[in-house]
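Me: I am new to this structure and should like to understand how its descriptions are justified. Please take me through them step by step.

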Amino acid sequence: MNSKQVVLITGSSTGFGRLFAETLARKGHTVFATMRDPVGRNAKNASEIRTLAEQESLPIQVLELDVTDDASVGRAVDAAVAKAGRIDVAINNAGYYLSGLAEAVTTEQAQRLMDTNFLGPVRVNRAVLPHMRRQRSGVLMHISSGAGRVILPSAGFYCASKFALEALAEAYSYELAAQGIESVIVEPGQYETPVFGNTVTAADQARTNTYGAAKEFPAKVNAALSSTAGNAQEVADTVLRIIEIPAGERQLRYFVSPQKFGVDEINALSRRVQANVLEAFGLAADTKFLKGKAVGSV
Ligand SMILES: NC(=O)c1ccc[n+]([C@@H]2O[C@H](COP(=O)([O-])OP(=O)(O)OC[C@H]3O[C@@H](n4cnc5c(N)ncnc54)[C@H](OP(=O)(O)O)[C@@H]3O)[C@@H](O)[C@H]2O)c1
């Protein structure tokens with residue numbers, strides 16, 4: 001892999017995705033900043049990114065990509081490969097937060113959340129992997145969350161979407177290692193982005209109203225999350241460092257957070273348990289599990 005990478009990012013209109021695009025491009029990486037509807041709802045965001053790219057001569061191009069639409073994902077990946085000849089890193093960043101007591105979340109809301117936070121990365125990975133396999137290199141990056149490792153009441157479905165993403169990303173890491181493709185999980189704690197303003201609320205208020213004191217969980221959790229949020233550039237700097245680590249030396253998980261909660265301990269324990277599991281199934285050597293990939297920070 002060249003030291004300058006070709007990176008496709010989903011959900012680049014705002015927040016982390018936008019910061020990743022700017023941070024990586026300023027270091028000379030070629031960035032496809034993808035977003036849904038760049039001529040409609042995201043026209044202003046797309047135009048600001050293009051203006052910045054022009055002013056600072058940054059290698060950023062905006063492409064349309066809705067992670068809930070197979071055809072849209074396919075078109076964006078094809079366009080990026082046609083323009084740059086390859087995709088070295090796919091950052092699965094698009095996602096949103098759903099707040100509310102589990103019983104108050106409708107099945108339609110739950111399906112929509114999973115369609116974005118979980119099936120979105122499934123679509124993107126399926127579209128980029130044939131190209132990465134041909135290159136025999138590449139990084140699938142998954143922006144999970146601390147909430148992909150711990151559970152907050154009133155965030156049950158969001159946690160479920162990120163737990164699902166973590167499981168899939170870990171499976172990819174074992175299955176793809178032999179082909180020179182790495183799967184990496186980034187677990188941010190709470191950071192200041194438009195995520196809180198874009199939060200979807202559980203629709204079934206009548207159910208919520210039966211919960212007594214627990215009714216207040218969503219408000220308490222949301223207030224605590226936003227009042228302790230860190231500077232999102234920390235996450236962008238972590239992503240940059242991960243991308244610049246030589247191929248084959250990246251860890252599976254990177255937890256980055258203003259508060260620690262012991263998530264690193266879960267990750268270290270999980271790594272030991274997984275080693276036992278892979279060993280027991282006779283897969284440790286095939287998955288290259290025992291090589292590299294120590295748990296720690298970048
Ligand atoms: N901020 C935090 O504290 C935090 C912590 C842990 C993890 N995360 C994760 O970080 C990721 C980015 O969130 P953020 O904090 O940067 O919030 P954000 O500013 O709200 O960004 C979310 C991005 O996802 C995009 N998106 C949503 N649905 C999409 C779809 N169907 N197709 C394409 N893009 C779509 C949004 O695009 P539109 O503009 O079109 O809506 C937006 O660009 C999410 O996966 C989130 O779960 C955030």
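**The ligand, a helix pair and an exposed residue**

Reply: In this predicted model, helix α1 (residues 15-26) supplies the largest share of the shell around the ligand, namely three residues.

Me: What makes a residue part of the surroundings of the ligand, and how many residues surround the ligand?

Reply: A residue is near the ligand if its C-beta atom, placed from the backbone, lies within 6 Å of it. The ligand is surrounded by 28 residues, of which the closest are Gly-11, Gly-15, Ala-94, Gly-95 and Val-195.

Me: How do the residues of this shell divide by class?

Reply: The shell holds 15 polar, ten nonpolar and three charged residues. Gly counts as polar here.

Me: Which residues make the contact between α3 and α5?

Reply: Helix α3 (residues 70-84) and helix α5 (residues 119-135) pack with their axes 9 Å apart, at an angle of about 30°. On the α3 side the contact is made by Asp-70, Val-73, Gly-74, Val-77 and Val-81, and on the α5 side by Arg-123, Val-124, Ala-127, Val-128 and His-131. By class, six of these residues are nonpolar, two polar and two charged. The crossing of α3 past α5 is right-handed.

Me: Why is Ser-3 classed as it is, buried or exposed?

Reply: A residue is exposed if 12 or fewer other C-beta atoms lie within 10 Å of its own. Ser-3 has 10 such neighbours, and therefore counts as exposed.

Me: Where is Ser-3 placed?

Reply: Ser-3 is in the segment before β1 (6-9). Its C-alpha atom is separated by 35 Å from that of Ala-160, which is 157 residues apart from Ser-3 along the chain.

Definitions and conventions. Residues numbered from 1 in each chain as written. Predicted model: local features only at pLDDT ≥ 70, side-chain atom pairs only at ≥ 80, totals over all residues. Axes fitted to C-alpha atoms, helices over the stretch in contact; angles between N-to-C directions. Helix = DSSP H or I, 4+ residues; strand = E, 2+ residues; numbered from the N terminus. Left-handed = near helix turned anticlockwise from the far one by under 90°. Contact = placed C-beta atoms within 7 Å. Buried ≥ 20, exposed ≤ 12 C-beta atoms within 10 Å, placed from the backbone.
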